[in-house]
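Welcome! Please open the sequence and the structure side by side, and let us take a friendly look around.

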Amino acid sequence: MKARKVKGLDPDAPFRENAQKMARVRIDEVWRLGSRSRDPQQKEALHNMRIAAKRLRYLLEITEPCFGRPATKGAKMARGLQDALGEIHDCDVMSERVRARAETVAVDDERYVGLEALATYVEARRRVLHRQFVHFWSDIEQKGVRERLEEDLGAPA
Amino acid sequence: MARAREIPGLGPDIPMREAAALTVQTRTSEVFAFADGVLDTADIERVHDMRVATRRLRAALEVFRPCFPKPEFKAVLRDVKDLADALGARRDPDVALAAVEDIMAHLPPQARAGVDAFEDDLHIEQVAGNATLEQALAHATETQLEARLLELAALARTPLPT
């Protein structure tokens, strides 16, 4: 997913002023993907939200000297999202790989033994991880994390 | 995971171009500080630390993109991405193997022949990943990537021609 261009950045302007403009866009990128990512079948939305969370996390880490504790807390939240979505993505990759390998081996072949169990375990784990992610995201939304973060960073939408 | 180093002089009121120079200098030094011993397959954390440092550097380059001259920026970013990909090629099989081993530890040996063969593939990928990383590190040395990054950081301090 390509990052949205941030308009009006000025290299000669203070770091904080530019950081506020960037934060506004990166926060919006994460939140726009939130509702679609509640659907476990929306693999692309989940993947894009992970990338958006990663961008927000790194931006807040880099701009921590501008915003102090709110940036540290925001980066921690974004990292939580990134980790949760990363684990889901890892399960998707692993499941696809194991299933692809199983398809190349006859069911009665010794080399098939265990592959079905491994794929089933990974897919079950993915369902659990997605439920945990939805719970985490709902909590973030209910607590008004976006509004507070934008206010603390001085970057209202 | 190695913590990011503090950047002396970085503050909210300095111009963004100065913040770009300071950040890219520090993050560049971090990446190359992990290069020694990174090909040692017995110490997988070294690869992880260098990968994390490379991600931080890449993120800094992208955040401060408007402060750099385009041609130099594009060439350096491409090489940093290639290095990141090579570190991923080495690290991803490590992670996949650890995950499979963790899951399959609960199965009796006779119920996992297929998984053993799958793990063999991952071991082959691990070796191939190390070769890819070795090439990428050699390329970074040949093309003086560290020096070019530091030069790019210095260029951020000079206003671009309008």
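What follows is a short tour of ring contacts and one helix in this predicted model.

## Aromatic pairs

Let us begin with the rings. Counting over all chains, there are three aromatic pairs in the structure. One of them brings together A:Trp31 and A:Trp137, with ring centres 5.1 Å apart. Their planes meet at 50°, so this pair is tilted: the angle is neither under 30 degrees, as stacking requires, nor over 60, as an edge-to-face pair requires. The contact joins distant parts of chain A, since A:Trp31 belongs to helix 1 (residues 15-34) and A:Trp137 to helix 5 (residues 115-142), 106 residues apart. A:Trp31 has a relative accessibility of 11% and counts as buried. A:Trp137 is buried too, with a relative accessible area of 0%.

Chain B offers a stacked pair, made by B:Phe68 and B:Phe73. Here the planes are at 10° and the ring centres lie 5.7 Å apart. Both of these phenylalanines, B:Phe68 and B:Phe73, are buried.

## A charge over a ring

Back in chain A, have a look at A:Arg57 and A:Tyr58. The charged end of A:Arg57 sits over the ring of A:Tyr58, at 4.8 Å from the ring centre.

## Helix 4 of chain B

Helix 4 of chain B covers residues 113-142, which makes 30 residues. From its first C-alpha to its last, this helix reaches 44 Å, close to the 44 Å expected at 1.5 Å a residue. Just after helix 4 comes B:Gln144, a residue with a positive phi of about 50°.

Note on methods:
Residues numbered from 1 in each chain as written. Chains lettered and ligands numbered in written order. Predicted model: local features only at pLDDT ≥ 70, side-chain atom pairs only at ≥ 80, totals over all residues. Heavy atoms only, no water. Phe/Tyr/Trp six-rings, centres within 6.5 Å; stacked < 30°, edge-to-face > 60°. Helix = DSSP H or I, 4+ residues; strand = E, 2+ residues; numbered from the N terminus. Buried < 20%, exposed > 50% of the residue type's maximum accessible area, 1.4 Å probe, protein only. Lys NZ or Arg CZ within 6 Å of the ring centre and 35° of its normal. Expected span 1.5 Å × (residues − 1).
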